[in-house]
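Me: I would like to go through this structure by question and answer. Please keep each reply short and end it on the value or name asked for.

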Amino acid sequence: MNILLKKSFPAGNILVPPSKSQTIRALFCAALAEGTSTIHNPLVSDDTLAALRVLRQLGADISIEGNIWRVRGGKLQASGQEL
């Protein structure tokens with residue numbers, strides 16, 4: 001039996017399940033960064049939505065369009081509200 005092995009380059013896309021901690025980290029990094037950041041397929045949970053609300057109270061502009069969250073950051077300010 002002869003076996004012929006050829007060099008190949010796998011290609012494609014995979015969807016990695018999101019995690020709560022990665023989603024929250026991405027939100028905070030995006031809120032601190034200048035300009036607009038896009039988070040694809042965030043994990044939606046009570047904790048990530050709470051982080052989103054806190055960042056909005058601190059001045060981040062966050063829009064949700066399906067599985068894409070757009071964060072316009074770089075303008076965070078202290079809030080007199082309870083976070």
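Me: Which residue takes a positive phi in the hairpin of β2 and β3?
Reply: This is a predicted model. The hairpin of β2 and β3 has two residues between its strands. With a positive phi near 65°, the residue in question is G66.

Me: How many bridges join β2 to β3, and what is the bridge partner of I62 in β3?
Reply: β2 and β3 run antiparallel and are joined by five bridges. Within this pairing, I64 stands opposite W69. For I62 the bridge partner in β3 is V71.

Me: In what order do the three strands form the sheet?
Reply: The sheet is open and its pairing is antiparallel. Its edge strands are β1 (35–40) and β2 (61–65), each of which pairs on one side only. Neighbouring strands are turned against each other by 20° on average, direction ignored. The order is β1-β3-β2.

Me: How many bridges join β1 to β3?
Reply: These two strands also run antiparallel. In this pairing H40 stands opposite I68 of β3. The number of bridges joining β1 to β3 is six.

Me: Which side chains of β3 point to one face and are buried?
Reply: In a regular strand the side chains alternate between the two faces of the sheet. β3 shows this alternation: I68, R70 and R72 point to one face and are not buried. Those that point to the other face and are buried are W69, V71 and G73.

Me: Which elements give two or more residues to the largest nonpolar core?
Reply: The largest nonpolar core has 11 residues, including L27, A51, I62, W69 and V71. The elements that contribute two or more residues to this core are α1 (20–32), α2 (46–57) and β3 (68–73).

Me: At about what angle does α1 run to β3, and at about what angle does α2 run to β2?
Reply: α1 lies across β1, β2 and β3, and its angle to β3 is about 35°. α2 lies across β2 and β3. Its angle to β2 is about 140°.

Me: Is T48 buried or exposed, and which backbone nitrogen does its side chain reach?
Reply: T48 is in helix α2. Its relative accessible area is 0%, so T48 counts as buried. Leaving aside neighbours within four places in sequence, T48 is in contact with K20, T23, I24, L27, L43 and W69. At 2.8 Å, its side chain reaches the backbone nitrogen of S45.

Me: Which residue has a positive phi although it is not a glycine?
Reply: The residue lies in the loop between β1 and α2. Its relative accessibility is 29%, so it counts as partly exposed. Its phi is about 55°, and the residue is N41.

Me: What does E34 touch, not counting residues up to four places away in sequence?
Reply: E34 lies in the loop between α1 and β1. Its relative accessible area is 66%, which means that E34 is exposed. E34 and V71 are 37 residues apart in sequence, and their C-alpha atoms are 9.7 Å apart in space. With residues up to four places away left out, E34 touches G73 and G74.

Me: What separates the C-alpha atoms of F9 and A51?
Reply: F9 lies in the segment before α1. Its relative accessible area is 68%, so F9 is exposed. F9 and A51 are 42 residues apart along the chain, and the separation of their C-alpha atoms is 40 Å.

Me: What is the radius of gyration of the protein?
Reply: The protein has two helices and three strands, which run α-β-α-β-β from the N terminus on. For 83 residues the globule rule gives 12 Å, and the protein is well over this, so it is more spread out than a compact globule. The C-alpha atoms fill a box of roughly 75 × 25 × 20 Å along the principal axes. The radius of gyration is 19 Å.

Me: What percentage of the contacts with a separation of 6 or more comes from residues 24 or more positions apart?
Reply: Of the 83 residues in the protein, 22% are buried. Among contacts with a separation of 6 or more, the part from residues 24 or more positions apart is 62%.

Note on methods
Residues numbered from 1 in each chain as written. Predicted model: local features only at pLDDT ≥ 70, side-chain atom pairs only at ≥ 80, totals over all residues. Heavy atoms only, no water. Core = buried A, V, L, I, M, F, W, Y, C linked by side-chain atoms within 4.5 Å. Buried < 20%, exposed > 50% of the residue type's maximum accessible area, 1.4 Å probe, protein only. Helix = DSSP H or I, 4+ residues; strand = E, 2+ residues; numbered from the N terminus. Pairing = 2+ DSSP bridges. Axes fitted to C-alpha atoms, helices over the stretch in contact; angles between N-to-C directions. Contact = heavy atoms within 4.5 Å. Polar contact = N/O pair within 3.5 Å; in protein donor to acceptor, adjacent residues only side chain to side chain. Rg over C-alpha atoms; globule rule 2.2 N^0.38 Å.
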